Amino acid sequence: MTTYSFVLYVAGQTQRSHEALENLRSLCEARLRGYYELSVVDAVERPELAERWRILATPTVVRLRPAPQRRVIGDLADQHRAALALGLPNPDEFGGA
């Protein structure tokens, strides 16, 4: 099984940051069920990482694996659109999840 890897860039502990994280977790559980890694980077605390990855707006999620890399900006509230933009499989296509 392919393991997906994501980094979520946020700016501080805001409501929008929290919503983006919860929406991403929910999306990953629905589509990938345990076959994902997720890390969160606070661009306020780690501006060098945000600059290195050219993060211009937050929240931004970056799918690192599998290649190619994909990015989505926003709180991921529209999970169908977010799943399409991140190239995630339908739940029934990913190992019967």
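**Notes on the fold, its loops and its ring pair**

1. Pro-59 sits in the loop that links helix H2 (47-52) to strand E3. Its peptide bond with Thr-58 is cis, with omega at about -5°. Helices (H or I, at least four residues) and strands (E, at least two) are DSSP runs, numbered from the N terminus.

2. A word on the source. This is a predicted model, in which local features need pLDDT of at least 70 and side-chain atom pairs count only at pLDDT 80 or more, while totals for chains, interfaces and linings use all residues. Residues are numbered from 1 along each chain as its sequence is written, and side-chain values use heavy atoms, with hydrogens and water left out.

3. A cis bond also joins Ala-67 to Pro-68, and here omega is near 0°. Pro-68 belongs to the loop between E3 and E4.

4. Now the sheet. Four strands make an open sheet in the order E2-E1-E3-E4, and the pairing is mixed. Strand E2 (36-42) and strand E4 (70-73) are the edges; each has a single partner strand, so one side of each lacks a neighbour in the sheet. From one strand to the next, the twist averages 20°. Two strands pair if DSSP finds at least two bridges between them.

5. Look at E1 and E2 in detail. E1 covers residues 4-10 and runs parallel to E2, with seven bridges joining the two. One place to check is Leu-8, whose bridge partner in E2 is Val-40.

6. Two helices lie across the strands. Helix H1 (residues 15-31) crosses E1, E2 and strand E3 (60-65), at about 170° to E2. Helix H3 (residues 79-86) crosses E1, E3 and E4, at about 155° to E4. For these angles, axes are lines fitted to C-alpha atoms, for helices over the stretch in contact, and values run from 0 to 180 degrees between N-to-C directions. Contact means heavy atoms within 4.5 Å.

7. Which residues of H3 are buried? They are Ala-82, Ala-83 and Leu-86. Viewed down the H3 axis, these buried residues fall within an arc of 100°, so they line one face of the helix. The arc is taken from the directions that lead from the helix axis to the C-beta atoms. The buried residues of H3 pack against E1, H1, E3 and E4. Arg-81 and Leu-84 are exposed on the other side of H3. Buried means under 20% relative accessible area, exposed over 50%, and partly exposed in between (1.4 Å probe, protein chains only).

8. Gly-87 comes just after H3 and has a positive phi of about 70°. Arg-33 is not a glycine, yet its phi is positive, at about 30°. Arg-33 lies in the loop between H1 and E2. Its relative accessibility is 49%, so Arg-33 counts as partly exposed.

9. Arg-54 is another residue other than glycine with a positive phi, near 55°. The loop between H2 and E3 holds Arg-54. Is Arg-54 buried or exposed? Arg-54 is exposed, at 68% relative accessible area.

10. Last, the rings. The whole structure yields one aromatic pair. Tyr-4 and Phe-6 form this stacked pair, 6.3 Å centre to centre, with 15° between the planes. Rings of Phe, Tyr and Trp (its six-membered ring) pair if their centres lie within 6.5 Å; planes under 30 degrees apart are stacked, over 60 edge-to-face, and the rest tilted. Both Tyr-4 and Phe-6 are buried.
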